[in-house]
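Here are some exercises to work through with the structure open beside you. Try each task on your own before you read its solution.

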Amino acid sequence: MLETISWTGKAMRLLDQTRLPVETVFVDIADERQTWDAIKRLVVRGAPAIGVAAAFGAYLGVRNFEGEPDALLDRLEQVCSYLETSRPTAVNLFWALKRIRDVGQTAAKNGADSAAIKSRLFDQAILMLEEDNRVCRAIGEHGAKLLAELASADDRINLLTHCNAGGLATVRYGTALAPIYVGAERGMRFHVFADETRPLLQGSRITAYELQQNGIPVTVICDNMAATVMQQGKVAAVIVGTDRVAANGDVANKIGTLGVAILAKHFGIPFYVAAPTSSIDLSIATGSDIPIEQRDSKEIINGFGRVTSPPEVPVYNPAFDVTPAELVTAIITENGISKPPHERALKDLCTPRSLTSQEM
Ligand code: MRU
């Protein structure tokens with residue numbers, strides 16, 4: 001698996017996902033401005049990866065700051081608030097920056113000097129990177145058990161996914177693709193339909209790429225073909241990731257996910273969402289309160305440098321949609337599985353606990 005985020009000793013190294021699958025290029029990020037730009041342009045993307053990148057970005061934004069702890073915390077606050085403006089939907093961004101702020105404040109309260117505070121911020125970013133691996137692995141363990149029930153007569157599990165919630169959207173393993181990787185390690189056989197995912201093609205550029213690299217059979221379809229493959233009985237379950245889950249179980253994910261969920265309901269196919277608890281936002285009651293990112297019209301009418309509409313045509317380009325909880329069969333977290341009614345189960349799953357040795 002390619003490393004999406006790593007630390008070089010001097011900088012944060014990101015795999016530039018805007019160049020996949022044609023080129024494998026890494027960029028070194030030295031400060032908070034470059035971090036903001038990398039998140040905004042989707043150099044690093046996917047909710048968990050955005051969170052970890054922001055944590056490093058916050059550290060990078062203060063690492064050269066000279067001054068007393070109070071002034072350092074003010075600077076940290078400015079940097080975190082600035083990074084929060086990069087993308088609005090994935091709650092992991094805000095979750096990660098809150099953790100970084102808390103670490104800085106606790107260290108200062110305990111009498112740490114500025115050098116020690118900075119070093120705690122860095123350690124926290126590294127911890128979040130490592131934690132992401134453990135969390136995704138645990139999602140994979142829980143999800144693989146759920147998927148095992150779906151094997152077809154030829155022992156194959158046929159899935160459909162939308163966008164990319166794989167290793168490239170996290171630090172490793174992914175969320176929606178983690179059960180596939182864990183299952184494959186245990187000899188389970190899969191075939192995955194990857195929705196192309198207009199307009200930025202995360203499904204065909206990134207999901208198909210990473211599944212192929214990892215030896216999982218994958219077929220790319222245009223988004224408007226999902227109904228047909230479901231009608232033809234080629235899909236046993238849908239599994240997707242999420243950018244934010246509201247307290248009632250409504251789920252924001254890449255634009256187009258809602259349509260897939262409605263189709264799954266129509267054809268009686270389970271619709272699974274894989275989510276680290278860092279993507280669950282209990283402060284938001286329902287999905288209608290989730291902020292939805294609007295992106296540049298050029299992504300639709302001049303995608304990848306090709307003009308595909310008359311000039312000046314109005315364009316609507318929401319990057320995410322919200323699937324209501326009643327369409328979600330299960331939400332797979334690192335702490336276990338939420339089944340409807342999700343409200344109670346999500347609250348329990350978000351209650352702090354440590355991973356069991358089996359999940360690690
Ligand atoms: O705009 P993107 O590519 O960041 O959107 C990514 C998604 O919608 C993913 O499904 C989601 O972040 C979950 S990633 C584990």
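Helices (H or I, at least four residues) and strands (E, at least two) are DSSP runs, and they are numbered from the N terminus. The model is predicted, so local features need pLDDT of at least 70 and side-chain atom pairs count only at pLDDT 80 or more, while totals for chains, interfaces and linings use all residues. Residues are numbered from 1 along each chain as its sequence is written, and side-chain values use heavy atoms, with hydrogens and water left out.

**Exercise 1. Leucine 201 and leucine 42**

Task: Locate leucine 201 and decide whether leucine 201 counts as buried or exposed.

Solution: Start with the place: leucine 201 sits in the loop between strand 5 and helix 7. Next, look at the backbone: its phi is positive, about 60°, although leucine 201 is not a glycine. Finally, recall the cut-offs: buried means under 20% relative accessible area, exposed over 50%, and partly exposed in between (1.4 Å probe, protein chains only). Leucine 201 has 17% relative accessibility, so it counts as buried.

Now repeat the steps for leucine 42, in the loop between helix 1 (32-40) and helix 2. Phi of leucine 42 is positive too, near 70°. With 6% relative accessibility, leucine 42 therefore counts as buried.

**Exercise 2. Cis peptide bonds**

Task: Find where proline 199 and proline 341 lie, and describe the peptide bond that leads to each.

Solution: Proline 199 is in the loop between strand 5 and helix 7. A cis peptide bond with omega about 0° joins arginine 198 to proline 199. Then move on to proline 341, in the loop between strand 14 (336-338) and helix 11 (342-349). The bond from proline 340 to proline 341 is cis, with omega near -5°.

**Exercise 3. Two helices that pack**

Task: At what angle do helix 2 and helix 3 pack, and which residues meet?

Solution: First, the geometry: helix 2 (residues 47-62) and helix 3 (residues 69-84) pack at about 140°, with axes 9 Å apart. Axes are lines fitted to C-alpha atoms, for helices over the stretch in contact, and angles run from 0 to 180 degrees between N-to-C directions. Angles under 35 degrees count as roughly parallel, over 145 as roughly antiparallel, 65 to 115 as roughly perpendicular and the rest as oblique. The two helices, helix 2 and helix 3, are therefore oblique to each other.

Second, the residues in contact (heavy atoms within 4.5 Å): helix 2 brings Ala54, Gly57, Ala58, Gly61 and Val62, and these meet Leu72, Arg75, Leu76, Val79, Cys80 and Leu83 of helix 3.

**Exercise 4. Two arginines**

Task: Are arginine 99 and arginine 63 buried or partly exposed?

Solution: Arginine 99 belongs to helix 4 (residues 91-109). Its relative accessibility is 19%, so arginine 99 counts as buried. Leaving out residues up to four places away in sequence, arginine 99 touches Gln124, Leu127, Met128 and Glu131.

Arginine 63 lies in the loop between helix 2 and helix 3. At 21% relative accessibility, arginine 63 counts as partly exposed. With residues up to four places away again left out, arginine 63 touches Trp7, Lys10, Ala30 and Lys118.

**Exercise 5. A covered helix**

Task: How many residues of helix 6 are buried, and what covers them?

Solution: Six of the eight residues of helix 6 (residues 178-185) are buried. They are Ala178, Pro179, Ile180, Tyr181, Val182 and Gly183. Among the elements that cover them are helix 5 (114-148), strand 4 (156-161) and strand 7 (237-240).
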